[in-house]
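User: I am new to this structure and would like a close look at the part where the two chains come together, with the backbone and the cavities around it. Please explain each term as you go.

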Amino acid sequence: MTTYADRTFTPPERIRNFCIIAHIDHGKSTLADRMLQITGVVEERAMRAQYLDRMDIERERGITIKAQNVRLPWKVGDEEYVLHLIDTPGHVDFTYEVSRALEACEGAILLVDAAQGIEAQTLANLYLALEKDLTIIPVLNKIDLPAADPDRYAAEIAHIVGCEPEDVLRVSAKTGMGVEALLDEAVKQIPAPQGDADAPARAMIFDSVYDTYRGVVTYIRVVDGRIVPRERIKMMSTGATHELLEVGIVSPEPKPTEGLGVGEVGYLITGVKDVRQSKVGDTVTSQRRGATEPLTGYREPRPMVYSGLYPVDGSQYPDLREALDKLQLNDAALTYEPETSAALGFGFRCGFLGLLHLEITRERLEREFDLDLISTAPNVVYQVTTDDGTEITVTNPSDWPEGKVSEIREPIVKVTILAPSEFVGTIMELCQARRGQLGGMDYLSESRVELRYTMPLAEIIFDFFDALKSRTRGYASLDYEEAGEQVSDLVKVDILLQGEPVDAFSAIVHKDSAYGYGTSMASKLRELIPRQQFEVPIQAAVGSRIIARETIRAIRKDVLAKCYGGDISRKRKLLEKQKEGKKRMKTIGRVDVPQEAFVAALSTESSADKAKK
Amino acid sequence: MHVPFCASRCGYCDFNTYTASELQGSGSSPDTWLEAVRRELTRARATVGDRAVDTVFVGGGTPSLIGAERLGAVLATIRSEFGLAPGAEVTTESNPESTSPEFFAGLVEAGYTRVSLGMQSAAPHVLRILDRRHTPGRAVDAAREARAAGIAHVNLDLIYATPGETTADLRGSVEAVLSAGVDHVSAYSLIVEDGTAMARKVARGELPAPDDDVAAERYELIDDLLSAAGLQWYEVSNWASSAGARCRHNLGYWLDGDWWGVGPGAHSHLAGRRWWNVKHPARYAAALAESADPEADHEVLTPTEQHTERVMLRLRLAEGLDLDLLDAPARAEADRAAAADLLELRGGRAILTRRGRLLADRVVQDLLLASETAPA
């Protein structure tokens, strides 16, 4: 089937660019699927649930990690239009990518589950969209659910967006109910893109994906001029130029075209093999007679959270390196460099945009590359000024300066929490315990409240989200954004086994939390490390000062009482198994520590529970 | 020879044994068992060939439950199929409550030379936790009766570190053992085996788990008291009053001997091949009734496995492990263990110290690991 949308250089007034802002599970992918179907670009029998989410992990977690986009034909009356649906990543760590995707749009569909109401993440992205003056079309989804309460949530959304409750559209993405009307509204309400067709080409990269067969596929939104194949292009942030091998649109399979004009969205392929050569937010122009001013808003991705990743089996180190090399092709924000830990052996210090980015990366490494990994407790980046005025950037507790320091600065974030109002007290308590400063509080409706805090990022990345969820019976949602840095009274706590520091357990914590961290880690390790033939003291220390101590008593008996004819085979097999276990142990000083002890000690209570399931 | 019958099942026991009610309807009885083991002995003779038997050990279960007559009949079959070597050691286990002077007289007449009695403890509350049915004095009396009947060697079994047992209880038990005048004692720390009634009680929190530190202390007490009375350890859990009082049958297990395990679930070893019979008495008897092999499964030991077993078993003996059996890295590890007061190196042999006896499994593991992980 060929349509109006198959040809490019569509007049801008016939184009509508929009995205869907929604929380995980609120049905964004289902709605996108339904749009593909209703506009006829995917036939019903070829429909695969959630067509746009291509990665397994995305499919399993029900979240979109990497944005996709699609070009759809739509008719309102006799008028033909082209709709570009730009799918945005749905998580807190990818705020920058979200902002770039929003930049490519003139409108946004605010999609909210009619049984759950708006969540913090959605609210944060909505604010981003409002800042960019996008036209917002509020929509309640899942209205066919028995638990749906559309009147209540329509009022809530109207209050937030500043519209009338009856302006909130109601759809069921699952059944398709209301979706056609929604597309009509999109055409009606969203402004057409504007740009100068005769100016030098300028297109913004809003996503960049590595494909094994084609190399990097770069998604762009053309602002001015035109992008045509077989022309050399230039990346304005670096000045690098590339041959343009292919320019195309997605509907939903990639289709090469003769080029893209003002307001159009599509992809280009240059033959580069690494997404870092095609950076999200960068401006693409023509090499000859190119633009001189880039589009605004470009920023280098900057890791916010660091963690050491180590193979459980040391012989997998080269495999881990290879896997990271491959992942980095598709993940411009991922950084890593080799590091060695006395406790964990050879591994990599990896930088991530946030905790989810860390978790997803780790999960992909384990699943797609069949690796078994230990990750150290995540930490943020500290700026330390020593007494002699030297500035040190610390991304690993091991690099914490030994001597006196005059100032330590740590990153802080603005946190938005949405929760039923009954939990306000518990949430305030939790945030206060995590060094949060209350910035403000708003009732979205009678029963739902928005709390705004400024908190150290370090307090968020460990187990804050789990603690928040468990204290609010899962009802609270959280979002945060960078908010600069603050001077803090931080110390490094070391954990010593028989006097030997175990680097993997060192942590940077606030002075007031040092004792708590030290005692809890020491007692955890006392439970986890098997008894040795000698007594093993476990100490927590700040500098040379011991702040907590536990002792693992020496083992006195390790012998099977009975070993007669029928016991011998069983006993030999048991011995062989124990031997294998001991081979996998790491030796700290003279102390044998099973790998599982490191894993258990490094996992938070809730993630240990997850592992058990 | 495995006798798979018990009057009742003790809560800590995971042996292949059955009560009368458990066997009801299966067609198994002491007589069908006797018929089956006789058939197996005939098969064994056909496989092994002409080889006189040095030692016989009837264990269980509760061999005394089938009576002296059937125990005699079993021995008669062994005699007629293989013949007993001169001076052969012939042992049967017995539970104190199912023995009497007449029983022991019957054993002597049949040719038994040794009796091993399951005493476990002299403390009534400990016996209760172990579900043992005999009264505290009965085991000592039985040992005396056995000796009076002319059984040359008598062993008493003790279980220590049972939850609820005090140091004084254990001391009383050892003193009772010594008062019986036996020439051999076996003492085992209580092991809570998976799947037993006791394991379930521990899991439910009704019974505290045995404590290894307590067990270590109790072991030392037992060793002190027995040594002072002239009983020397010759294996981690066994003490004897003289070289002649050691259990030759068990030494066969530890020194790579060949043996044929007769009976349901019994394990055998012949020249590097181990096999074991089907466990249930009814299946076992049915196989033999059809002239089929009652073997459930087997393994043929690789040279590495044979080495592992040698190190694992010989190191448990007072005689120790011949250092020539160890390669250079393992010998270096033996030196290290000696420095840590775990081994004594004497006369070309590695012998566990008392501390080493309590940590024997680690010492064995470290010796074997040293060879495996040494750079080539």
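Analyst: A good place to begin is B:Ala161, which counts as buried because its relative accessibility is 6%, where buried means under 20% relative accessible area, exposed over 50% and partly exposed in between, computed with a 1.4 Å probe on protein chains only. The model is predicted, so local features need pLDDT of at least 70 and side-chain atom pairs pLDDT 80 or more, while totals for chains, interfaces and linings use all residues. Residues are numbered from 1 along each chain as written, chains are lettered from A and ligands numbered from 1 in written order, and side-chain values use heavy atoms, without hydrogens and water.

B:Ala161 sits in the loop that runs between strand 5 (153-160) and helix 7 (167-179) of chain B; helices (H or I, at least four residues) and strands (E, at least two) are DSSP runs numbered from the N terminus. The phi angle of B:Ala161 is near 65°, a positive value in a residue other than glycine. Most residues other than glycine have a negative phi, and most peptide bonds are trans. A second residue with a positive phi is B:Asp256, where the angle is near 70°. B:Asp256 belongs to the loop between helix 10 and strand 9 (267-270) of chain B, and it counts as partly exposed because its relative accessibility is 33%. Chain B also has a cis peptide bond, between B:Gly60 and B:Gly61, with omega of about 20°, and B:Gly61 is placed in the loop between strand 2 (53-60) and helix 3 (67-81) of that chain. In chain A, a cis peptide bond joins A:Ser251 to A:Pro252 with omega of about -15°, and A:Pro252 falls in the loop between strand 11 (246-250) and strand 12 (254-256).

B:Asp256 also leads to the cavities. A cavity is a set of points on a 1 Å grid where a 1.4 Å probe fits but cannot get out, and its lining residues have an atom within 4 Å of a point; its volume is the space filled by probe spheres on those points. The structure holds 2 cavities of 30 Å³ or more, and the largest has a volume of about 50 Å³. B:Asp256 is one of the residues that line this largest cavity, others including B:Tyr253, B:Trp254, B:Arg274, B:Glu309 and B:Arg314. Two elements of chain B, helix 10 (248-254) and helix 12 (303-314), give two or more residues to the lining of the largest cavity, and helix 12 gives the most, with 4 residues. By class, the lining of the largest cavity divides into 5 nonpolar, no polar and 5 charged residues; Ala, Val, Leu, Ile, Met, Phe, Trp, Tyr, Cys and Pro count as nonpolar, Asp, Glu, Lys and Arg as charged, and the others as polar.

The second largest cavity, with a volume of about 40 Å³, takes its lining from both chains: among its residues are A:Lys557, A:Val559 and A:Leu560 together with B:Tyr160, B:Ser189 and B:Tyr219. Here the lining has 6 nonpolar, 2 polar and 1 charged residues.

Salt bridges also join the chains. A salt bridge is a side-chain nitrogen of Lys or Arg within 4 Å of a carboxyl oxygen of Asp or Glu, and the structure holds 70 of them over all chains. One of them pairs B:Asp361 with A:Lys571 at 2.9 Å, N to O. Because B:Asp361 lies in helix 15 (residues 360-373) of chain B and A:Lys571 in helix 13 (residues 568-583) of chain A, this pair joins two chains, and both residues are buried. Another salt bridge links A:Arg572 and B:Glu305, whose closest N and O atoms are 3.8 Å apart. This pair, too, crosses between chains, from helix 13 of chain A to helix 12 of chain B, and A:Arg572 and B:Glu305 are both buried. A:Arg572 and B:Glu305 belong to a network of salt bridges that also takes in A:Lys573, A:Glu576, B:Arg274, B:Glu299 and B:Glu309. Two members of this network, B:Arg274 and B:Glu309, appear in the lining of the largest cavity as well.

Within chain B, by contrast, B:Glu319 forms a salt bridge with B:Arg349, with closest N and O atoms 4.0 Å apart. That pair links distant parts of the chain, 30 residues apart, with B:Glu319 in the loop between helix 12 and strand 12 (321-322) and B:Arg349 in strand 14 (residues 349-352). B:Glu319 counts as partly exposed at 43% relative accessibility, and B:Arg349 is partly exposed with a relative accessible area of 24%.

How values were computed
1 Å grid on protein atoms, 1.4 Å probe; cavity = no way out; pocket = protein on both sides within 12 Å on 5 of 7 lines; lining within 4 Å.
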